[in-house]
Amino acid sequence: MNYITFNEKTKVFTLATQKSMYQMQVGAHNTLLHLYYGANVGDTEITYRIIPLDRGYSGNPEEAGKDRTFSMDVLPQEYSGYGNGDYRINGMELQHEDGSDTVDLRYESYDIVPGKYSLQGMPAMFGSEEEAQTLDVTLSDRLSGLKVHLLYGVFPEKDIITRAVRFENRGTGVVTLKRAMSVQLDYLNRHMDFMHFFGRHTMERLMERLPLHHGIQSFESKRGNSSHQHNPFVILCDRSTSEVLGDCFGFGLIYSGNFRCEIERDQYNQTRLVMGIHPYHFAFRLEPGDVFETPEVVMAYSRKGFGKLSNILHDAYRTNLIRSKYVTSPRPILVNNWEATYFDFNEQKLLDIAVAAKDLGLDMFVLDDGWFGKRDSDNSGLGDWYVNTDKIRGGLPKLVKQINDMGLKFGLWVEPEMISEDSDLYREHPDWCFRIPGRGVVRSRNQLNLDITRKEVRDHIMDSIFKVMDSANVEYIKWDMNRSVANVYSNALPPERQGEVFHRYVLALYDMQERLVQRYPDLLFENCCGGGGRFDAGMLYYSPQIWCSDNTDAIERLMIQYGTSFGYPISAVGSHVSACPNHQTGRTTPLATRGVVASAGTFGFELNLAELTERDKTMIRQMIRDYKKEEHLVQTGDYFRLVDPFRNQEYVVWEIVSKDQAEVLVKGVILRSECNPRIHLIYLRGLDARAKYREQETGRVYTGAALMNAGIPLPVVSGDYQPFVCHFNRIDD
Ligand code: DGJ
């Protein structure tokens, strides 16, 4: 079946998924106009909404002759060039060899191909010929010979459309790309809000919803990583859209570096969104014959609010982006020694934690920072990827064997993109870091960024890490990145190519991670960037999970995990039970509450298990048994945010429902106990209204309709931060 069609008569392209539709049209003078994105409207071509009018101060291209109603300034365009009379934010910008910068994009041809396109050296959604189709629309700037391929991947069953752009310099001169956005989307007169996810280190992805005002609103990262401060994911929605109702559009950029999202509401209340690589410090030279591909944007549309939008994205990422075999198979429950020991450990301390882990029913021990080089603090050692035998006497193979012999898997932390000035590597290769000739560096955590754009640097780092991994049975890697990128200058590139360094850095990162996953296909791989500084769809292509935040406080995690769930599946959220008082906030919460919050993700522990009381041990054993029973819901179920922690300061509740609607898990935290308490009701979602469900805890039976419409009361609790858990099973007649 064709999900992509081109009507030769009307020149309308239609991209259809089960519930959504996208249309564009080759208009007058071969301009490519955007017609529609929204609910699937069947056979109708939405060509009737554009009304040509003579607009003051809106210029007309020469070919329009005396027709003053044709202006790029107001027409909805699929991808706008530059300097052609459109004064809104544009899709691309470049400089020609003669110093001019106009790009006049006109439609040339199209191609429809079975299966999903891929991108050279970059992550992208994948799809077989049964799952996806590709549309490649070629635009060209006739004078310069530049070809611009607009790539669309259509996943009909997933209700997903992806976009990317491929630039091809077919001319005779050099062009320098200064802006190359992955997506541009125009909406006609519509009152919309936008939602983005901002934050800071240890408090990432806090949801903010704002009305679109006239002018440009934007958010971005210029830090070389997608960042703690902003996330490359945005939602546009109608003013009335809620979790359960209304139109909304999600845009997830599959990219892990600098990005920018701009949304402009123009003089006629039209809205244009663009998103892609940040133009900051970006100038990519294309010699004749060269090709440049942008990262991909994943677009999802829901008319049933944000809950459904998240479900669409979660499913798409789990089935068509994350490649790991662990995406739907049980992941080892791990203990990570970071908050248990920090840098202060020896092999005996580690073994004591491992013994306790085994006794409690965990599956894996992860050795975090501090195992290599001269790494007794975060001031030294990065780059020296060989085992510190003063700390791990007997070496890594012996330690790993002892841990394996206990019946536990072993995992290891690395930070491959960094170098400490106090390291053997720096002493040997001081020119391997980013440093602008003659200038002082910006240090952060006392470390510098390695120039991984250089192949010999990547080879050296990856070979040293592979050597360690091959020496012992390492079954998990945590890849960390503990500073933003600065001093951006590569010794290996000529001056006119320094504007390529940021993007080349991201390509280099992808190359390194690709080498890792190709060499160890069974590895469980977790990305991390001081917690959630690179929690993006690009990283999910390589690792099925990402350490969500360095903040392990269960109460703060409620907000972090809530925001994260809008754009990313909870099975990707690295989430651990840590000690109390919590190391980041000093807050004390019940162990059971920490367990409930951590179980809304990939579950693990981050505390000294060897120092637990018997009572805590009993509770942890039970937590692990429970998680193993529920894990399939975390990995494949539909997730529902029942309560918004930014609006409700009293309790936070979420729900996971199996795809067949037979199993339901409701969990949450009651934040404050009350004297003379009010009764709070929770209304479930996503159930089969006519089916009957039995609550495991009480044996009580309800119809799905009752649970969704009448709700269930939260228990009355004594004490703050109390956990709440209940399970329902459909009773099949
Ligand atoms: C930041 C990470 O997020 C932590 O979990 C830990 O691995 C430290 N880095 C180690 O330096």
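This passage describes two helix pairs, the ligand surroundings and two backbone features in a predicted model.

Helix H6 spans residues 455–471, and helix H7 spans residues 501–519. Their axes come within 11 Å. The crossing angle is roughly 30 degrees. Angles under 35 degrees count as roughly parallel, and H6 and H7 are therefore roughly parallel to each other. The crossing of H6 past H7 is right-handed. On the H6 side, the contact involves Lys455, Arg458, Asp459, Ile461, Met462, Phe466, Met469 and Asp470. These residues meet Ala508, Asp511, Met512, Arg515, Leu516 and Arg519 of H7. By class, the contact of H6 with H7 holds 7 nonpolar and 7 charged residues, and no polar ones.

A second pair is formed by helix H3, residues 347–360, and helix H4, residues 395–405. Here the axes come within 10 Å and cross at roughly 15 degrees. That angle also falls under the 35 degrees cut-off, so H3 and H4 are roughly parallel to each other. The crossing of H3 and H4 is right-handed. H3 contributes Glu347, Leu350, Leu351 and Ala354 to the contact. H4 contributes Leu399, Gln402 and Ile403. The contact of H3 with H4 divides into 5 nonpolar residues, 1 polar residue and 1 charged residue.

The ligand has 13 residues around it. Asp368, Asp369, Lys478, Asp480 and Asp550 come nearest. Asp550 also places a side-chain N or O atom 2.2 Å from an oxygen atom of the ligand. Two further pairs involve ligand oxygen atoms. Arg445 has a polar side-chain atom 3.0 Å from an oxygen atom of the ligand. For Gly531, the partner is a polar backbone atom, at 2.9 Å from a ligand oxygen atom. Side-chain atoms thus serve in the pairs of Arg445 and Asp550, whereas a backbone atom serves in that of Gly531.

Two loops carry the backbone features. The peptide bond from Cys580 to Pro581 is cis. Its omega is near -5 degrees. Pro581 sits in the loop between strand S29 (573–578) and helix H10 (591–598). Thr202 is not a glycine, yet has a positive phi of about 70 degrees. Thr202 belongs to the loop that links strand S11 (192–200) and strand S12 (203–211).

Key:
Residues are numbered from 1 along each chain as its sequence is written. This is a predicted model: local features need pLDDT of at least 70, side-chain atom pairs count only at pLDDT 80 or more; totals for chains, interfaces and linings use all residues. Side-chain values use heavy atoms; hydrogens and water are left out. Axes are lines fitted to C-alpha atoms, for helices over the stretch in contact, and angles run from 0 to 180 degrees between N-to-C directions. Helices (H or I, at least four residues) and strands (E, at least two) are DSSP runs, numbered from the N terminus. Angles under 35 degrees count as roughly parallel, over 145 as roughly antiparallel, 65 to 115 as roughly perpendicular and the rest as oblique. A crossing is left-handed if the near helix is turned anticlockwise from the far one by less than a right angle, and right-handed if clockwise. Contact means heavy atoms within 4.5 Å. Ala, Val, Leu, Ile, Met, Phe, Trp, Tyr, Cys and Pro count as nonpolar, Asp, Glu, Lys and Arg as charged, and the others, Gly among them, as polar. A residue is near a molecule or strand if one of its heavy atoms lies within 4 Å of it. A polar contact is a pair of N or O atoms within 3.5 Å; within protein, one must be able to donate a hydrogen and the other to accept it, and residues adjacent in sequence count only if both atoms are side-chain atoms.
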